[in-house]
Structures are given as structure tokens and as C-alpha cells.
Amino acid sequence: MDKAADRNRLSGRCRGKFAYETGSAMNNLRWEGHLVDVSVVCGPRTLPAHRLVLASSSPFFENLLIEDSKKGPNTTLDLEDVDADTMETLLDYMYKGQARPANVDTDHMINLMTTGHLLQIYVAGRYFCESLLHMRPCRNLALLWDWAEEFDSLEVEQTLIDYMVKNIHMVWKYRDFGSLSLDRLTTVLSQPALASAENQDDLLNAVLAWIKHDLSERKTKINVLTPFISLQRLSMDFVQQLMTEEPLVQSCLQLIKRFASGQCQIEKPKKPIALPSTGSESVLVFKQKSLERTPKPCASACGPSSNWSVSGSRLVHSEPVKSTSFLAGSTIQSAGKRPSSRTPSHKVSSKEREATSSGSFIVAAPQRSHQLLVAGRDDANRFVLQVYSFKKCGWSERDEISVPSSSQEALTYRTGNVFIIGGEDERGAKLRDVVIYNLSMREVLDAAPMRVARSSAGIALHRHLIYIVGGFSRFGKPMTHVECYNTERNTWQILPAIKEKRTDPGLAILNERVYLIGGDTRRCEYYDPLTEVWHTSAPLPEQLRQLSVFVAVDDNRLFAFRCYRPNNMYCYEPGSNHWQMHKTFGPPPEVIRALASTAGEIWALDKSNRVIMLNTKTSCWELSVPIPSGFSKPFHLAIIEDALKLKFKK
């Protein structure tokens, strides 16, 4: 493995050296006036160049030169508004990928970035931004970020973010650091590399330094910024020093409580805590996203049912209390059992098996107590949802929800509320928005946005926590970023990044762990909340290579299906860490769009606008529920097991 990595690094260096030497040779030809076919006029000076280099470096030059090449072999470009020295530096960069400006003061470097951006040499902005940060970082952070915002340069903004993440240990000491806006600071703090850093002392130092830059106006922001910090990874000496010497910390009771709850988790149990059986909870799967019914939360050091306080230098634990969710209509108790709404899975008679094998479906019998929630887009691309009741044998009235996304959002359901997270708008811009829709009240509730905008992410619900994993970033690239939303506190937390970039991964909760399946790769991972570490598990079978995979959980097992006509299912048991293939019977769905599971049943939302049930006991696709007309693109599916008062069509 090391030899292969060394070969790749050597190959990369060779390619880089070849590109530089080739560009330098072409630049020498330019200086000598050989083979040039375009003249760039900047005021009194004329600079020779080659069409191919200019056109390949800038869409602006490409459009001009392609049009002008039809008129003759030689071209003259008149750029009278561009300074000749600035254009000479940009030409050096276009040829060699680097440049050495004669004047390196800040104003001249900013002028180089601006001219390059206007001439659509976009990568030049990133190069000169890196140069400025290397020369005078303490004076240029705020200035460069203002420039990136003014010219809407994502490349320069990402360069600034990467620099601050890499140098967070000294960036907070810079004079310009306190001038950053709250949005810019939260963008930096939300980066996965900072969330997974072993020592979080520098992050807290950065937050305190930013607040003290304008203490009177920013003191209230401390509770907004500290959730970005993993308090469990603060050093004990640093915490004790802050609590005894830092007035800002001493005056913030909420932060002291968070210190207490964070410190009590440092010594974590090496083995999973045995949890009592406490019933079941509704789950939802969107695309490759599937959830396991999970028990109610028990009293733990990090749960909402534990109260910690500071008495002198000791942490004091008090009795657990009931916690009421901020969401309307949902109250969560920290202990005690809830009556289970599970119903025995439907037993297939010989007649039903004959009907299934012959290609026909049986409409689901009305004895089931759970309900099906289907959401998606109607003919006008409005976001709509409806609920099917087995008892009433019918669909509820259609609800239309105003959401900022037009596609690729993640969706889950919990205790009467539908959570619609992220996605992208009509222009393809990725979103941070979170929309919570209460089914009973039929109204939208307020929710805190995600830390990082994304689309096509994996989603899973575990008790009162919603995990969001991977997806496409605002640059349209796959991510390793992971966030967790606390539905009771309406807060987001950054978690350690996954090992491999993924889009549309399957996400499922099994044995208190978050399993990550597929997402343009066979490799699988799982997250252990006790150790806060991602581990590698058995990869998907070879038959599922480069296929879209959907996952669901039932009977302490993971079930994986390919999206197209899944006539086989693949079962994963954590104990053996092994996938096993099983054949399914009956006509499978044509193309799966979403999965949802309940006791003994896995329901698949089919492209043919049907919801089809797989009996996990018999491995048969048995029952079918047609989706009402008006759904042009149904993408989301949920199992609702709690009682809801909804209006159903007669």
C-alpha cells in the first residue's frame, strides 16, 4: 500500500514538473516572438501570446479568439483598460501556473486578482490570494474575504477557509480575525477537519478572541458558537484555567453547564451500555436512507435527561427530569416505556402466494395500525405529501408545503413532524435550510439551518437526533462532512468526517450505531457515538458495484437492494460482519425511489407510483398500494406508527 502511494506521489510530481517545463518553454517562445499568433494591446505596449494558451485559460479569451480566428490567422486584442505590467504577470501565470509580480504590495495583488477575475482567469484569484496569505496573513483576512464576497468568488473563499482551518492555532491571534462576520466565522468552525481535531482548545480560543473583539455586541453569541466545539476534547488544564481566570466564561452560566456536560463524557465506557426495551419509534427512508426503530433514550451522561452542574471544582449530577421538545405537539420523556404500535406481519396464504407469483398484487389489508407517508412533487413542481391509512383504506387530504429546495432534499419523520433538510434550488445552488412541517396542525415550524449547505445527503433518525452525512457541497463536489441535529434543542453539531466522500449514501441505525452504506462506492462504515469514531465494516457484495443501493433495517439486520428490479436482497449481520444474498419472490419494484421499514415489513416506493411491501419473513413482494394521481415525482417514504389526527378523503 505504501509503495503504491509513493508511486502515485512520484507520478504526480512528474506530471507537475512536465506541465511546468512545457509552460516555461512556451513562455520562452512568447518572449522571443516565435509562433505567436495574437497580440494583446495594453495602452502603449503590445504583448505577444499564443491563442491556444489564452483560450484554454479563460472563457473570455476563448470566445473572442474563436470568433476572430474566422477573419484571419493573426489577431489583435485591444485591452486598453488593463495595465501592461498587470497583464504581463497574468500571462506568466497562464503559461507557467505561477508568477512573480514585480510589485507585491497588497493593493497591487488585489488589482491582479480583480483583473484576472474580470478576464475570467478564475484560478488566478486563488493563486494570488494564497500569495497574499503567505506574505501578510495577519492584515489580509478580512480584506480578502470582502473581495471574495464582492466578486462572488467561491475559489478564493474556499482558499481562505482552508488556510484558516490549517492555521487555526495562530489565526485567532491575527488583528483581522476579530473583523470577520459571524457568518464567516461559523463557516470556518463548521469544517470537518476542525470538528475531528483531537485538541479543541484552539477553537475555543478563537471563539473567545472573536467575541472579545467587540464584547458588548457579541457576548450573546457565545451560545451560538460553542456548539461547533467538541467540549469532550478540550484539555482539562485548559478548562480549569478558563473557569478560574476568564471573566467571559465565568459570566456565562450556559457555557459552564456545557463544560460540565462535556467533561463528564471524557471517560466513556469501553463497552456499549445495555439499554432497556422501550418500544418503537417511527422511521423514514429517503432514497438510500433507511432507519431502524430505536428505543426511547435512557439516562446517560450525554443525553437530555441528565442534569449536571458545577459546584466549586466538582461536577454534580442530579436526578433526570422530563424534557419537552421545542416542536409543537411532541413531548419526549427521559425514561419509561411507551406502548408499542407493532403489529404482526401479514402471513401469506397459498392463494396470495399464487397471486404474487403470477404477477398480480393484493391491496394491503386494513388490520395494520401504522400508516404510510409519501412526499414529492406535483405537476407544478410543488412539494406535497399525503398519508395512507390501512384502517381507513384511503389517503389523507393533500398537504402543500412551501420549501426553498426544488430537488435533492433529505427528509425524515419524527413524532408528528416532517423534517425537510437541504437540497438545491432551481439554479442548482446548495441549501442549508431546514423546514419542519407539523402534520396535525398543518403548519411550518421554525428550525435552525445546517452549518454547511448540501444536497443528495444521507439521513437517519436516532431517538431525538438526525444525522446528515455526505452529499454534494456548494461547489458540486462529494463531501465527507457530517452533522447532527438535536430536535429537542433545535441545534446542529459537527461530527467527525467519514473516511470517503459519498453522495446519496444509505444511512441506517443498528445496535446504537450509524451505518453508512454505498454512495458511489462498495465501502461501508459505521459511527460509534460512544467513541465518536467512524470504523470500516464489510464492503457491499461485488454484485452491487457501481449501482445505486437502498438500505433498510429489520430484526437487527441491514437489508440492501439495488435500485433496478431488485430480485435479490443482501442481508448484513453485525455479529458476523458479513453480507449474504437471498432471492426474493414475486414481481419486484421496477425502480426503487425510497425505502421504509417496520416490524417484518420493508416498503418500497416504486417509480411506477406504487408502494410495494416485502415480507422479510417469507422474502416475498406481497402487497401494493397505488399512489394517488397528482404525484408526478414521489421521492420520499415514511412509516408513521404514532397516532395522528388527519383528515382523510371519503
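Contact means heavy atoms within 4.5 Å. The model is predicted, with local features needing pLDDT of at least 70 and side-chain atom pairs counting only at pLDDT 80 or more, while totals for chains, interfaces and linings use all residues. Residues are numbered from 1 along each chain as its sequence is written, and side-chain values use heavy atoms, with hydrogens and water left out.

**Exercise 1.** List what phenylalanine 61 touches, and place this residue in a core.

Step 1. Leaving aside residues up to four places away in sequence, Phe61 touches Leu54, Ala55, Leu77, Leu79, Met87, Met94, Leu119 and Ile121.

Step 2. A nonpolar core is a set of buried Ala, Val, Leu, Ile, Met, Phe, Trp, Tyr and Cys residues joined through side-chain atoms within 4.5 Å; buried means under 20% relative accessible area (1.4 Å probe, protein chains only). The largest such core has 73 residues, and Phe61 is among those with the most contacts inside it, as are Leu54 and Met87.

Step 3. Another core, of 19 residues, lies apart from it and includes Leu385 and Phe648.

**Exercise 2.** Work out which strands stand at the edges of the three-stranded sheet.

Step 1. Strands are DSSP runs (E, at least two residues) numbered from the N terminus, and two strands pair if DSSP finds at least two bridges between them.

Step 2. The sheet is open, with the order S2-S1-S3 and mixed pairing.

Step 3. S2 (45–49) and S3 (75–78) each have a single partner strand, so these two are the edges.

Step 4. Strand S1 (residues 38–42) pairs with S3 in the parallel sense over four bridges. Valine 41 stands opposite aspartate 78 in S3.

Definitions and conventions: Buried means under 20% relative accessible area, exposed over 50%, partly exposed in between (1.4 Å probe, protein chains only).
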